Amino acid sequence: MSNTKKTQQTLNASQEKSELSRRRFLKEATAGFATLGLWGASGRAFSKNAARVVIIGGGIGGATAAKYMRLLNADVNITVIEPNTQYIFCPGSNEVLPGWETLEGLTVTYNTLKTRYHVNVIQDKATDIDYTNKRVKTARGEVISYDKLIVSPGPTLEYEAIEGFNETLAEGNFPAAWHAGLQTLNLRNQILSMRQGGTVIISAPKNPYRCPPAPYERASFILTMLKEHNPTGKMLILDSKDSFIFQNVYPYYWTKNFGYGTDNSMIEWVPKSKGGEVVKLDATNHSVITANGTVHKGDVINIIPPEKAGQFALQNNLTEGDWCPVNFRDFTSTKYKDVHVIGDSIDGEPMPKTGYIASNQAKVVVQAINDELHGREIAYPFIINDCVAMAGKDFGMVLTETFRFAGEGKRLEEHYNIPGATDDPARQLILQKVAENWQRTFRKDVFS
Ligand SMILES: Cc1cc2nc3c(=O)[nH]c(=O)nc-3n(C[C@H](O)[C@H](O)[C@H](O)COP(=O)(O)OP(=O)(O)OC[C@H]3O[C@@H](n4cnc5c(N)ncnc54)[C@H](O)[C@@H]3O)c2cc1C
């Protein structure tokens, strides 16, 4: 089925369903169904009828939902279930490689959510959803009831999809660094200590995956590192697709700075159709093998694995195929009532998997929940994606993209603009500053 047709059917079903569930939710909330929240664990008093919103995952999608739910409504009992005590932002994590950013600078805690926004944060892993009784179970055996559930568990990185690769290897000699953290530092150290004239291989995944420009941004930053510390070093990008976002910009930068397209180029990009798709890792011989059988030896090998919906979503039957189907009007699951799924786990085409999109989806969801609580019709959302990326400290790029409902609310329409590179260094420097400041502002919007 075409994506457009699928989207249309999803939207029709969504409109009928959201009217029904709106009436039910109102009835339940006003009948005192939500009785748990007289004193929330956050130490704040809620009314007897306060609705219970439970959020699984305290990453970009989940934290935005918690904060903005509170900003919209003081009398909702909000609980976030998240196993980690800290969150490390992936946006900005490529900059840790050349040392322009630190992991500490990207790390936030849940203190502000707890103290300023009176959100109960349960440090635990959610395991099961009991859809009939509207309860979530955690690994430590807690059972938490909800009126509305928001699920934002991020993606599963499918290490094993590449033969010979697995998470243990990624935590050791072959860092994927696709969740920011120790693997990011390990990759940085490997690049800095690579022998002179060595080769760094990046295996870029097939679509869809989180942050489409990030593999090419990463390659550009590594090239800058090589130029400074290892000028005879090489970068080889083996790609599981034939095109990538900002393809009108990155090659321009590579040509200007690293001889791309010449015999002395520091960088080579091999698309899928020319044999770029990596299918196997030979860890013993430090090489990767592509679909056409070519063996590439690398001194540093960075395999970015393909992705699918988060384990939690897969295990709780929220998926169809690899991703979670949702109604775009309010991001309710097409499979279960009163469950919203957002972020990297959803079948979100044409929306890309980015933090900014996850955050804006969260805002759509809490607006819809709040509208329902107040007996208002759910608005048609308008979603924006500002995709910022860099090639170097002096060169940035910004894509602006909007998604709006068209065809009387039956179609999600995408409009975007990707400006090409210019020969004006001042302009590219401004765009780099925009990208850098966007990241700081975004982090504050989600967690402060
Ligand atoms: C290198 C890199 C650079 C990027 N740069 C950008 C950028 O510049 N701009 C941008 O917009 N996006 C960027 N992204 C993408 C962005 O990080 C993701 O799209 C975004 O984090 C998705 O949000 P999410 O809430 O779906 O998942 P996440 O932010 O990953 O959050 C998921 C959370 O769920 C928790 N969780 C998982 N399972 C459970 C469970 N069972 N119970 C409880 N909690 C659970 C996890 O611990 C995690 O905290 C980048 C990504 C990478 C890899």
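Let's start at a single pair: Phe405 stands opposite Leu412 in S24. This is a predicted model, and that pair sits where strand S23 (residues 395-406) meets S24 in the antiparallel sense, over 7 bridges. Zoom out, and you find an open sheet of 3 strands in the order S22-S23-S24, with antiparallel pairing. Strand S22 (382-392) and strand S24 (411-417) are at the edges with a single partner strand each, so one side of each has no neighbour in the sheet. From one strand to the next, the twist averages 20°.

Now hop back along the chain to strand S11 (residues 199-204). How many of its residues are buried? The count is 6 of 6, so to speak of S11 as mostly covered is fair, with buried meaning under 20% relative accessible area. In a regular strand, side chains alternate between the two faces of the sheet. Here, Thr199, Ile201 and Ser203 point one way from S11, while Val200, Ile202 and Ala204 point the other way, and all are buried.

What about the partners of S11? S11 runs parallel to S12, joined by 6 bridges, and Ser203 has Leu238 as its bridge partner in S12. To get from S11 to S12, the chain passes through helix H6 (residues 214-229), making a right-handed β-α-β crossover. S11 also pairs in the parallel sense with strand S17 (residues 300-303), over 4 bridges; there, Ile202 is matched with Asn302 as its bridge partner.

Carry on from strand S12 (residues 234-239), which pairs with strand S13 (residues 267-270) in the parallel sense over 4 bridges. Ile237 stands opposite Trp269 in S13. Between S12 and S13 the chain goes through helix H7 (residues 250-258), and this β-α-β crossover is right-handed.

Key. Residues are numbered from 1 along each chain as its sequence is written. This is a predicted model: local features need pLDDT of at least 70, side-chain atom pairs count only at pLDDT 80 or more; totals for chains, interfaces and linings use all residues. Side-chain values use heavy atoms; hydrogens and water are left out. Two strands pair if DSSP finds at least two bridges between them. Helices (H or I, at least four residues) and strands (E, at least two) are DSSP runs, numbered from the N terminus. A crossover is right-handed if, with the strands pointing away from the viewer, the path from the first strand over the helix to the second runs clockwise. Axes are lines fitted to C-alpha atoms, for helices over the stretch in contact, and angles run from 0 to 180 degrees between N-to-C directions. Buried means under 20% relative accessible area, exposed over 50%, partly exposed in between (1.4 Å probe, protein chains only).
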